[in-house]
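Visitor: I should like to go through this model term by term. Please show it first, and then justify each label as we reach it.

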Amino acid sequence: MAILELKNVHTYYGNIHALKGINLTVEEGEVVTLIGSNGAGKTTTLRTIQGLLKPREGSIKLNGEELTKLPPHDVVKRGVSQSPEGRLVFPRMSVKENLEMGAFQRNDKDGIAADMEKVFGLFPRMKERINQRAGTLSGGEQQMLAMGRALMAKPRVLLLDEPSMGLAPILVDLIFDIIRELHRQKTTILLVEQNARIALSVADRGYVLETGEIVLSGNAKDLAHNPEVEAAYLGGKAH
Amino acid sequence: MKQKLLNNTEAIAIGFMAVLALVTGGWNTIVCAVIAGLLIGLSANQNRDGIIRAGVLGAIASIITAIMGYIFNSWVSTLPGVDNQAPDHLTAYPLILAVVIGTITSLVVAWIHSIHEEARRKQAFLIFMVVCAVIFPFFDQCPTLAWNGPISIANPTVGCTTSKALLWVNAVIVTMIFALQALGLNIVAGYAGLLDLGYVAFFAIGAYTMGFLNSDHLVAQDTFLKTQFGFWLVVWGSAAAAAFFGLLLGAPTLPLRGDYLAIVTLGFGEIIPIAAKNLAEVRIFEPISLFINQLFSKADAQSLDRMQNAEAFLKNTLCLIGCDPTRPFDFTAGTKGISPISPPVFGNILGIPKIYAFVNGDYIPWYFLALVLLAGSAFFIFRLRDSRVGRAWVSMREDELAANAMGIDIVRTKLLAFIIGAMFSGFAGAFYASYVSFIEPGSFAFDISVTVLAMVILGGTGNITGVILGAFITRVVDLVVLERLKQLINGITEKVFFSGIDNPALVQFVQSIADATAYKVMLFGLILVVMMKVRPQGLIPAETAAQKRKA
Ligand SMILES: Nc1ncnc2c1ncn2[C@@H]1O[C@H](COP(=O)(O)OP(=O)(O)O)[C@@H](O)[C@H]1O
Ligand SMILES: [Mg+2]
């Protein structure tokens, strides 16, 4: 059974039909990527999974348990956390406080402390800047913090929304090395990206989203060599 | 590069305190000199030169205030319409003391300010502020009192006897009540970012709860209430009642968009005083009691007939209040107000003998009670900020979407802030009712909501020290400066400009235009607008733990 399963999910912004029946699964330990151009509905999908937006139709299941009607704090409690688009760190809080906020729904002090050390192992830079205000970090560091913060929830499924956005290529590589490391550690990840090439390079499987609909899906390697995908997302046509 | 002679804080401190000394004079000159010294000391450089400079500047500022005090003593106090002054008020003693104490204050504060280790500096400040707060009311004893020989055990008030109304202590007690409210609104507006425009409603609910349960108003009527509950019990009841109404108001509104809360609270702030005004004649044969009666009497066909008969009716009615059907029940006393509301009593409960009872009009004990309550509340809120909900509030203010994604229940967290804020307002209202011993609907008008909001914004949304400072500036301007300025302007217009003109209508017209107190609401509105524009973070902006650690 898939750990995360979306069936025929429809989400609206008022009258705008943003998701038109999304079907998607993520297996335990898998990295699955959802690629698509700007405005395709990738962020909307992640927000719907987390309960930040309510789908009008369809179902979202975590390990067979229905998430669809749950508010975000209950979804987080059940093990879905995300590094949101644009990172959204708490600018006037310190790095440490940001990480602690990630564990807001947890009560196990020892577990939280252990996970904090794990995050510092993944992102040694965060440990160096532990008392620095998050707003004064660089873009790459903020992305690391946002990912670390999401990991502090001890998620069963980690949602990453465009971690490469606005970062210099060298930093993008650094972030994706960490995603590979998380994959090795068997973290289940749903990765949303516009940068299809690098996303498909770390993922096991991929879905292509176009104006609210999944138009292609399959093995990441196959997708990377699919002529349509090459033309639309990997070739000269940039976004 | 040319160095500025004075920095902004120093210039404002000297200027403002000079004006204050000019309109208050006498013993008040000492208070003015001390405040000037405090501000100068706080803005000094943290080294030896800074301390010396602060000492010199402090001496200059004190001398200026003393000169202003002298002008008050010799000229302003003789103007018609300015409050009558007791003879000792106008002697040279206070002026000499002002120079000495003002200079010492600036030196001491600058010295404390220069302590490098943060924990020790804070400790030293705390001790200094406590000492100031404790000796302050005894200086204020002097203004309207006769000189009564040297200090002694039997007469500890710096050579003055007590009795008459004091200029400052009363103003400061009222200020502390407002500061208590401002601390609560700071949770609502500063921590949770909610706009509450009817905050006075919770203040009124707290005050009326105190009025109902701790005066003879209901006891004297035929109700379930047979005796007063006493201040210490009712104060919690007031907080609980306000919190309950906060829940009632917030629960349906907070899930909606932000603007709705502003509208709903604005309306609620208007409704409560109107309800207090109109609930003075409640009759037992109202539709609601008819309905209850039917419910409890398992109404049959004849029960409606029975209701024509008062006695039979009452047998079946669950009578809590107003059980005499021939007489309307006076619930809130309407515009005539509830009075007297009993002051707090220590002891006299559970077999413990009465230890001490507060007396209305005897300000000093009230001052210390208010001080303890305010300090306790500030401490409580300070600790609250580092708690789990405190963290949730701060993160929500920083980024609501991210906070939501972290698993913070936004509606519940906001509701909690709204309720705790209401609770503080109710608490303050209870103290207020007992302190002034008289409440009427007019005491809970919209301008209180605006004033408290101005305090929070002026002081610095989210910062406890800032909010208390904002409360003090706003209230001292309101209760002392504007009032005295009005007297001064009236006195001058009457004595100087119109001394030869015999046209009372004209004099009155000019005086009513120049009435400084009439511009109060405009002034606070202006403060709100200017602060939002120029310094939205307030005088002392909120600092986060990250900043604290860096300091
Ligand atoms: N808050 C909103 N209100 C109305 N429409 C929105 C809102 N957010 C996104 N949309 C629309 O929904 C569609 C999907 O947006 P989004 O999920 O942000 O796309 P992506 O993340 O793939 O760039 C877009 O057409 C966008 O204009
Ligand atoms: Mg997006």
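Guide: Helix 1 (residues 42-50) of chain A lies across strand 1 (4-13), strand 2 and strand 4 of chain A, where helices (H or I, at least four residues) and strands (E, at least two) are DSSP runs numbered from the N terminus. The model is predicted: local features need pLDDT of at least 70, side-chain atom pairs count only at pLDDT 80 or more, and totals for chains, interfaces and linings use all residues. Residues are numbered from 1 along each chain, chains are lettered from A, and side-chain values use heavy atoms, without hydrogens or water.

Visitor: At what angle does helix 1 of chain A run to strand 1 of chain A?

Guide: The angle is about 110 degrees. Axes are lines fitted to C-alpha atoms, for helices over the stretch in contact, and angles run from 0 to 180 degrees between N-to-C directions.

Visitor: What makes strand 4 and strand 5 of chain A a pair?

Guide: Two strands pair if DSSP finds at least two bridges between them. Strand 4 (residues 57-62) and strand 5 of chain A are joined by two bridges and run antiparallel, so they satisfy that rule. In one bridge, A:Leu62 has A:Glu65 of strand 5 as its partner.

Visitor: Why is the sheet in chain A called open, and which strands stand at its edges?

Guide: Its four strands follow the order 2-1-4-5, with antiparallel pairing. Strand 2 (16-26) and strand 5 (65-66) of chain A each have a single partner strand, so one side of each is left without a neighbour in the sheet.

Visitor: How do you know that B:Cys32 and B:Cys132 form no disulfide?

Guide: A disulfide is a pair of cysteine sulfur atoms within 2.5 Å. The sulfur of B:Cys32 is 14 Å from its closest cysteine sulfur, in B:Cys132, which is too far for a bond. The count over all chains is zero disulfides.

Visitor: Are these two cysteines buried or exposed?

Guide: Buried means under 20% relative accessible area, exposed over 50%, and partly exposed in between (1.4 Å probe, protein chains only). B:Cys32, at 0%, is therefore buried, whereas B:Cys132, at 24%, is partly exposed.

Visitor: What do the same cut-offs give for B:Ile205 and A:Pro227?

Guide: B:Ile205, in helix 7 (residues 200-213) of chain B, has 8% relative accessibility and so counts as buried. Beyond its neighbours within four places in sequence, B:Ile205 is in contact (heavy atoms within 4.5 Å) with B:Ala241, B:Ala242, B:Phe245, B:Phe268 and B:Ile272. A:Pro227 belongs to helix 10 (residues 227-234) of chain A and, at 63%, counts as exposed.

Visitor: What makes helix 3 of chain A mostly covered?

Guide: Six of the eight residues in helix 3 (residues 95-102) are buried, among them A:Val95, A:Leu99 and A:Met101.

Visitor: Why is a set of residues called a nonpolar core?

Guide: The term denotes buried Ala, Val, Leu, Ile, Met, Phe, Trp, Tyr and Cys residues joined through side-chain atoms within 4.5 Å. The largest such core has 125 residues, and B:Ile173, B:Trp393 and B:Phe431 are among those with the most contacts inside it. Helix 6 (residues 168-191) of chain B gives the most to this core, with 17 residues. At least three residues come from each of domain 1 (1-163) and domain 2 (174-283 + 335-456) of chain B, the bounds being from an automatic or database domain assignment. A second, separate core has 46 residues, including A:Val89 and A:Tyr233.
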